[in-house]
Amino acid sequence: MNQEELNNKLAEIKDKLIAIEQPVDNKIWFTCEAENSYEINKFLFEEVPLRFVIATGIDSDDCFEVLYHYAYDETGCMVTLKAFIRDREKPEIESIAPFLPGAEWIEREIHDILGIDFRNHPDMRRLILSDDWPEGVYPLRKDAKKPVSWPDGEPSSRPTVDSPSRRTVPLSKPVLVVGPFHPLQEEMEFFQLTIDGEIVTDIDMRISYNHRGIEKISESLQFDQVPFLVSRICGICSASHPLAYVQAVEELAGIKPPERALYVRTIINELERIHSHVLWAGLAGHFIGYDTVFMWAWKYREPVLDLLEEITGNRNNYGNVKVGGCREDIPNELKPKILKDMDEIEKKMDMLIKAVTDDPILHARLKGVGVLSKEDAIKYAVTGPTARASGIAIDVRQDDPYAVYADLDWNVISQPEGDVFAKVVVRLLEVIEAIKIIRQAVKKIPEGPIAVEVKEIPAGEAVGCVEAPRGETFHYVRSDGGNRPVRHKVRAPSFVNVPSFKASCIGQHIADVTITLAAVDPCYSCTERLAVVDQYSNIIHDYDTLLRLSRERTAQIKKELGAPGLKMEDLQIG
Amino acid sequence: MTEALQSLFWIIVFPGFLFTVAFGLFASWIVRKVSALVQWRVGPPLFQPFYDVVKLMGKEILVPQEAQQAVFMAAPLVGMAGVLLLSTMLWRITIAQTAFVGDIIVAIYLMVLPSLALILGSSASASPHASVGTSREMKLVMSYELPLVLAFIVVIIKTGGQLNLAAIAQQVPALSISGMLAFLVALLCVQAKLGFVPFDIAEAETEVASGVLIEYSGALLAVWKLMQAMMLVALPLFLVMVFLGGFGASLWTGLGKYVLILVLVILIKNTNPRMRIDQAMKFFWFYCGLALAIAVTLAIIGNYCGINWL
């Protein structure tokens, strides 16, 4: 289907909608009432069919909104369905998870943070709020009190395996617990594997051990401060998140960054892809006990980090994009060094690719393991290398090109098998493509300024997508014309890739499950961004509380010293 | 009386406990250092394995509530006793030629003790991770024991029915086709006995978080570590005696052979990913079993027709 046919197809559902807007050719906005949302969603996902991206819950003053974002990858078109829930007292909407498992987590998240009930949801346990968070307090509602006070009495003890948000498994079945801390993963997460001998028969997971409340904090920052915040969502995708946000804001305000800035963005994002993929290849080696690959891959990755440091000043958290362009330019003297380093890395990657594809034990360990079929990949709405290894050749860089990807010559890598081996091959070959892109970009980069001046961000809403190393990073920004976003939704690729474990792990050996869990390159710091709770001490760490605590402590010390009027001058001797 | 004291000295000081532990810790330093160099790391200082054990000795011993306490505590000691005896016996044969008929069979039995102790200890620890590790260790033992014994049978045939290690060590069975095959298989079995990649399946830290050893801590864990270090002395030494003609005339050629085997073990360890347990079983039973069936046939034919190189 081309864009026109898509428009015609979408028009079939017209009479259920309140309005259709199409500000630009490949962005379509639908609005509807909550009652019709189920039917329209089913139409969009099953009949058109579109790829589900994410949903956003918003508390607008007189009602709640749930935005369902879909993508049509052939034309790079974004379709957003906005459903209004008018009843503020008892907000309810029909769940779409029964036919769209990929929406299960986001509906749980929206329920956690906004208190919207999803009727007929298969599993309405908490996802991101900690187990001892009080009932009926929804942190992303505009009227949420700060700091949240706990209900009377002792807060519940810290979460245990039996706490309500964890599924209780019948005691007759042996359960292998992976996490919250486990040598397999470098971040906190909790997998509960029900096992029968060596075979895994069921898997349940719990995330949310590391919330930082990024979306909430973002609402309190100015538009130009947000990139620094979102680059800290994840140390590895610290170029992708800010870029996606910046692109959303630029679309909202109609800003065109200068050509040179687009090239700089492209180069930095591809460097990021190389270092992320090589890092993953090393970790994958470690997970299957191949520590030599682990160490070698990480050594090969070092020159990339050095380059990034030379350009932006940081090995991670580059903070280089801003609305309207870039902060740091790539100096022309650095070009030969970049090209030279690319040659070096390409040589080493060729060696690594050959070693991996020729090793019979690696074949035995990775082929046919953790298969995610194409159907499941669509149902769970996975993105990035996880989707491409299941034969779905989607790539934002190709489908809805940003920066300068459209002007460069490169290929989307995809493999049909869907197993772990395919994921390895996709990632390694993508490194080679990234090297190709960087070479062309370095040679073609034009002279000129790297930023334009930005004055005002008008009211409106927009989405921005970037192909991060792990898949599509999606940012939605709404502005009311002030200097801060009123809602900023972040969907990192892991948020949709991680739940696909349900489809790929059951029936596998324990030994295979660990590498399958790792094969989507899960990033928990990306997946968990919302509440701000220390679940062990039950303290809410928001800024006001900390400030108050700090002041109280100062006052107390003063009192203890018995010197209420103690001044700096008094302390000086002589 | 003096004889008993003499034996006690052999077991406790030289060539028993103290000597084997010192040698074993040094060998495990070599393993760590060479692995590090292969992986472009710096690696630990010479005394690091020693410091590790000393530090563990000073740590608290935690015993899980539901564990079978006596078995849980005794298992590491049993395992270490087995390796200690094996090492003392092998060194005594090497140095003083105090061999006896059938000592190769005693050695084979003693070599199983550490694995048995590991199985006992981990199944007594009442942890799901350990139980997965236990079942893996059991399957692994069952997989490699048969090929290992078959490999020794090849040697016994090659040496004309000798069951005496000192006599076996007079010859070099590895200098023939069947002997070489048997040696390679036995090397892989030793790799599995040592619990090194690709056969570190029972400990697999990224899957079952060091499985069999997960509940052990403090001094008990230190005993396991010492046992593993001592195995690093005894098992390669055993291979040297059985396949490579023992220490022979000079100490240095003997040590050279020992280092050769150690280097082979390290190289295998660093150039392979971990196998899955079903793959390991298949590997030992089918591939190694087949290789040894051929080796045994060749050895019998060679023996019968007087062709030494078969």
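In chain A, residues 24 or more positions apart account for 68% of the contacts with a separation of 6 or more, where a contact means heavy atoms within 4.5 Å. The model is a predicted one, in which local features need pLDDT of at least 70 and side-chain atom pairs count only at pLDDT 80 or more, while totals for chains, interfaces and linings use all residues. Residues are numbered from 1 along each chain as its sequence is written, chains are lettered from A and ligands numbered from 1 in the order in which they are written, and side-chain values use heavy atoms, with hydrogens and water left out.

Chain A holds 20 helices and 17 strands; helices (H or I, at least four residues) and strands (E, at least two) are DSSP runs, numbered from the N terminus. Of the 574 residues in chain A, 60% are buried. Buried stands for under 20% relative accessible area, exposed for over 50%, and partly exposed for the range in between, with a 1.4 Å probe and protein chains only.

Several elements of chain A are enclosed. Helix α14(A), residues 420–444, has 25 residues and spans 36 Å from its first C-alpha to its last, close to the 36 Å expected at 1.5 Å a residue; the expected span is 1.5 Å times one less than the number of residues. Because 21 of the 25 residues of α14(A) are buried, this helix is largely enclosed by the rest of the structure. Helix α17(A), residues 510–519, has 10 of its 10 residues buried and is therefore largely enclosed by the rest of the structure. The buried residues of α17(A) include Asp512(A), Thr514(A) and Thr516(A). Asp521(A), with a positive phi near 55 degrees, follows α17(A).

Strand β3(A), residues 51–60, also has 10 of its 10 residues buried, so the rest of the structure largely encloses this strand. Nine bridges join β3(A) to the antiparallel strand β4(A), residues 63–72; two strands pair if DSSP finds at least two bridges between them. The two strands form a hairpin with two residues between them, and Ser60(A) has Cys63(A) in β4(A) as its bridge partner.

A second set of strands forms an open sheet of three in chain A, with the order β13-β14-β15 and antiparallel pairing. β13(A) (460–468) and β15(A) (485–491) stand at the edges with a single partner strand each, so one side of each has no neighbour in the sheet. Neighbouring strands of this sheet are turned by 15 degrees against each other on average, direction ignored; the axes are lines fitted to C-alpha atoms, for helices over the stretch in contact, and angles run from 0 to 180 degrees between N-to-C directions. Nine of the nine residues of β14(A) are buried, so β14(A) is largely enclosed by the rest of the structure.

β13(A) and β14(A) pair over nine antiparallel bridges and form a hairpin with two residues between them. Gly464(A) is matched with His475(A) of β14(A) as its bridge partner. On the other side, six bridges join β14(A), residues 471–479, to β15(A), again antiparallel. In this pairing Val477(A) stands opposite His488(A), and Ser479(A) opposite Pro485(A). The hairpin of β14(A) and β15(A) has five residues between the strands, and Gly481(A) in the turn has a positive phi of about 95 degrees.

Over all chains, 30 aromatic pairs were found in a search of the whole structure. Rings of Phe, Tyr and Trp (its six-membered ring) pair if their centres lie within 6.5 Å, and planes under 30 degrees apart count as stacked, over 60 as edge-to-face and the rest as tilted. Phe72(B) and Tyr216(B) are stacked, at 4.2 Å centre to centre and 5 degrees between the planes. Phe72(B) lies in helix α4(B) (69–96) and Tyr216(B) in the loop between α9(B) and α10(B), so the pair ties together parts 144 residues apart in sequence. Phe72(B) is buried, with a relative accessible area of 0%, as is Tyr216(B), at 5%. The ring centres of Phe199(B) and Phe284(B) are 5.0 Å apart with planes at 35 degrees, so this pair is tilted.

Six residues of chain B, Phe14(B), Phe19(B), Phe23(B), Trp91(B), Phe247(B) and Tyr258(B), form one aromatic cluster.
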